[in-house]
Structure formats: structure tokens, C-alpha cells
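User: I have just opened this one. Please walk me through it.

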Amino acid sequence: MNYTAGRHFLQIPGPTNVPERVLRAIDQPTIDHRGPRFQQLGQEVLAGLKHVFKTKATVIIFPASGTGAWEAALVNTLSPGDKVLMFETGHFASLWQSMAQRLGLVVEFVAGDWRHGVDPAAVESRLAADKSHAIKAVMAVHNETSTGVTSRIGEVRKAIDRAAHPALFMVDTISSLASIDYRHDEWGVDVTVAGSQKGLMLPPGLSFNAVSDKALAAGKSAKLPRSYWSWEEMLGPNRNGFFPYTPATNLLYGLREALKMLLEEEGLENVFRRHDRHAEATRRAVRAWGLEILCLNPAEYSSALTAVLMPEGHNEAEFRKTVLAHFDMSLGSGLGKIANKVFRIGHLGDFNDLMLCGTLCGVEMGLELAGVPHQKGGVAAALDYLAGGTAEKKTAKAA
């Protein structure tokens with residue numbers, strides 16, 4: 001193999017770039033997971049995560065991918081034959097739906113075009129019609145990683161309330177937590193699902209459930225089998241900073257460092273503003289290229305990634321292959337129904353202006369090399385926006 005100089009640009013929408021200091025935090029000797037040093041670590045990360053979820057409720061950490069947290073949300077709250085309401089907003093919503101079916105749940109899956117988020121009006125209408133309260137849970141993906149569409153979770157909560165329906169509310173935030181504003185308590189979410197490898201800036205390997213008291217109560221009568229995923233098994237040891245089985249100690253070291261960066265140093269609201277800014281710069285580049293953003297509703301634009309439609313007759317896989325070969329940059333592929341039709345630009349996690357500029361340069365040069373019809377000037381449009389925002393920040397700071 002030939003050596004490729006410089007750093008690889010990992011611009012898929014997760015796993016994201018892991019900050020050097022997080023890598024160094026992970027690179028420590030493993031300690032006794034029953035001892036006092038670990039107890040302090042466990043207490044720190046469990047407490048810190050509550051601030052990220054914006055909750056006072058219970059947060060549980062599993063050594064798993066986000067898929068494990070999906071399963072934990074279901075098996076701890078529901079019983080075989082229970083009916084759940086889900087929405088086809090993209091590939092990952094479809095995968096969660098498939099899991100629910102395999103576990104023996106009855107899924108009402110509202111069809112979607114993969115270009116819009118969950119429709120709060122549809123939620124209200126369907127729940128209002130459910131006079132017998134057969135629906136036990138409403139499940140939604142906050143930020144659909146396959147499409148770059150963010151559902152309006154606060155509005156969905158209001159729709160559930162207007163219907164006066166007692167269903168549990170479960171939300172997947174795997175590609176939005178710590179990148180896009182999310183409010184577990186304020187939005188009345190019962191189970192929030194998340195993973196470590198995106199906004200939290202860690203390698204894959206940790207997953208999370210934030211759990212309301214209502215969800216914990218539902219667990220008392222839930223009949224789906226659970227052992228490894230049992231919240232009940234976690235709650236006792238977690239109260240003292242421990243876990244019922246061997247935890248991913250070194251990833252927890254990294255999590256502690258990431259939480260320090262997000263909460264104490266940059267601050268979550270600044271993190272959200274940074275993501276919003278990079279997302280808008282990316283969209284301006286896409287429009288200047290004359291390409292189309294997959295998401296159709298500006299109110300649902302994702303700040304974590306942008307999915308871009310390929311012109312008719314052009315294959316995204318070939319375009320991404322060109323970009324990787326010439327610029328050592330990985331872009332996200334099209335998934336499921338939109339395979340070969342879109343490429344995805346990740347702009348989340350440990351990411352700054354110059355990294356975005358390099359990313360957009362690679363895309364623009366790749367479009368040219370791959371013979372994809374486009375107009376020049378996308379990078380310039382993003383630079384103009386970024387420079388304007390930087391000037392505004394300097395002015396505000398001076399004032």
C-alpha cells in the first residue's frame with residue numbers, strides 16, 4: 001500500500017473525529033471497576049450526562065452501540081403484542097421499526113417520503129382516534145442520520161398532549177445528542193436513546209438511555225424478556241457509581257473528558273450554535289453548486305449533517321470513490337431507499353471552520369473530477385458566510 005500524506009478527513013455523520021485529548025484520556029491503565037477510583041469516575045459521568053440530556057431523570061450507560069440502546073428502550077417498557085406508533089422518516093427509523101417487530105410488538109408504521117420529519121398533526125390525529133389507548137408508545141428519530149432531517153420533538157410532545165393520550169414517548173438522539181438542542185425533561189420524553197460515537201466525540205462502544213419515572217414505572221409490568229439490557233439490574237449499582245457487569249472503563253475515561261469539553265469549556269449552547277453555523281455554511285455551498293438538499297422543510301434542516309441529492313444519471317458511490325481516492329476524505333453513502341441517490345456530509349462533533357472548509361473543497365474538487373454537473377462557487381459561498389459570522393463574533397466580543 002502507498003503512504004497517503006496528511007490526515008484522513010472522516011466526514012461521514014458518525015463515527016466522528018475523536019479529539020486528541022479524548023484519545024489520550026482513553027489511553028490509561030484499566031483500573032479495578034469495583035474500587036474507589038472507578039466509583040468516582042462512574043458518579044462523574046452519570047451526573048454529567050444528565051446535563052447533556054437536559055434531564056434530572058435516570059441515565060443508564062450500556063457497553064454497546066446505539067442499537068443496544070434501541071433494544072433496551074423497548075424491552076424495559078413493553079410487552080409482547082403491544083402496539084407502538086412509529087414514523088418512516090428514514091433508514092434508521094425503519095431499522096428501529098424492524099427491531100420492534102422482531103421483538104413481538106405490533107408496529108403502526110406511518111409511511112414517509114424520507115424528506116420530512118415526523119408530522120405532529122399526524123401524531124395528534126392518530127392518537128386522538130385511538131380511543132381505547134391501544135397504542136403504548138410513540139417512537140421517533142430526532143435526527144435521521146440517513147436523510148439530514150430533524151423532527152420537531154417539542155411539537156410532537158405537544159401533539160401527544162393535545163390528544164390526551166397516555167402513550168410513552170421514545171426518541172432516538174443517536175446523531176443529535178450534544179450536537180443539536182435536545183431537552184428530555186422539557187419535551188416530556190420518557191426514553192431517550194443515544195450513542196457515544198457522534199456528538200459526544202468518542203469511539204463507538206457506549207450507548208445510553210435517559211429514562212423518566214413514567215418509563216421506570218412501565219417497566220414494572222413489561223413482559224418482554226430482558227437480562228443484559230435490564231434497567232433494574234443497572235439502577236442499584238449505578239446509585240453508587242458502579243455497574244452490574246464489567247463496564248467499558250477506558251471509554252468512560254474518554255466520556256469524562258468529552259463531558260468536560262462540552263459542559264465546562266465550550267458550553268452546550270455554544271456547541272449548538274457552532275453546529276448550526278457549520279450546517280448553514282454547508283447548505284449555502286450545496287445551493288451554490290446547483291445541487292439539491294434532500295430535506296425539504298427548512299424548519300427540519302439538520303445541524304449534524306447535510307444529505308445532497310445526486311443529479312439524475314450520476315451515482316453517489318462513484319463520486320465518493322473519487323473523493324476518497326484523490327483527497328483521502330470519506331463522505332456518507334446513501335442508505336436504504338436512497339442508496340446511490342445521495343451523499344452525506346457530516347459536520348458534527350469535534351469540528352471547526354477550517355475543517356469544514358477543507359471538507360467542502362474536497363467535495364467541490366470531487367464533483368469536478370467525477371464529472372458531476374455543478375456550478376463552481378460553493379466553497380466561496382460557504383467562506384463568505386463563515387467569514388461574516390466570524391466578523392460578527394469579533395464585533396460582539398469587542399463591544
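Analyst: Helix 2 and helix 9 are oblique to each other (under 35 degrees is roughly parallel, over 145 roughly antiparallel, 65 to 115 roughly perpendicular, the rest oblique). Helices (H or I, at least four residues) and strands (E, at least two) are DSSP runs, numbered from the N terminus. The model is predicted, so local features need pLDDT of at least 70 and side-chain atom pairs 80 or more, while totals for chains, interfaces and linings use all residues. Residues are numbered from 1 along each chain, and side-chain values use heavy atoms, without hydrogens or water.

User: At what angle do helix 2 and helix 9 cross?

Analyst: The axes of helix 2 (residues 36–53) and helix 9 cross at roughly 45 degrees and come within 9 Å. Axes are lines fitted to C-alpha atoms over the stretch in contact, with angles from 0 to 180 degrees between N-to-C directions.

User: Which residues of helix 2 and helix 9 meet there?

Analyst: From helix 2 they include Phe38, Leu41, Val45 and Leu49, and from helix 9 Leu252, Leu255, Leu259 and Leu263 are among them.

User: What else does Leu255 touch?

Analyst: Leaving aside neighbours within four places in sequence, Leu255 is in contact (heavy atoms within 4.5 Å) with Val45, Leu49, Ile61, Leu202, Leu206 and Phe208.

User: Which residues have the most contacts inside the largest nonpolar core?

Analyst: They are Ile61, Trp96, Met170 and Leu255, in a core of 85 residues. Such a core is a set of buried Ala, Val, Leu, Ile, Met, Phe, Trp, Tyr and Cys residues joined through side-chain atoms within 4.5 Å. Helix 9 (residues 249–266) gives the most to this core, with eight residues. Apart from this core lies another, of 29 residues, including Met310, Val323, Leu356 and Leu367.

User: Val323 is in that second one. Which helix 11 and helix 12 residues make contact?

Analyst: Helix 11 brings Phe319, Thr322, Val323, His326 and Phe327 to the contact, and helix 12 brings Gly362, Val363, Met365, Gly366, Leu367 and Leu369. The axes of helix 11 (residues 316–327) and helix 12 (residues 353–369) come within 9 Å and cross at roughly 115 degrees. Helix 11 and helix 12 are therefore roughly perpendicular to each other.

User: Back to Trp96. Which residues does helix 4 use against helix 3?

Analyst: Trp96 is one of them, with Phe92, Leu95, Met99 and Ala100; helix 3 supplies Thr67, Trp70, Glu71 and Leu74. The axes of helix 3 (residues 66–75) and helix 4 (residues 91–102) come within 10 Å and cross at roughly 45 degrees, so helix 3 and helix 4 are oblique.

User: Is Val141 buried or exposed?

Analyst: Val141 is buried, because its relative accessibility is 4% (under 20% is buried, over 50% exposed, partly exposed in between; 1.4 Å probe, protein chains only). Val141 lies in strand 5 (residues 135–141). Beyond four places in sequence, Val141 is in contact with Thr89, Phe92, Ala93, Trp96, Ser151 and Asp172.

User: New topic, the backbone. What is the peptide bond from Gly14 to Pro15, cis or trans?

Analyst: That bond is cis, with omega near -5 degrees. Pro15 is in the loop between strand 1 (9–11) and helix 1 (20–26).

User: And what is the phi of Met201?

Analyst: Met201 has a positive phi of about 65 degrees although it is not a glycine. Met201 sits in the loop between strand 9 (191–195) and strand 10 (207–211), and is buried at a relative accessible area of 4%. Asp328 also has a positive phi, near 50 degrees, and is in the loop between helix 11 and strand 13 (329–331).
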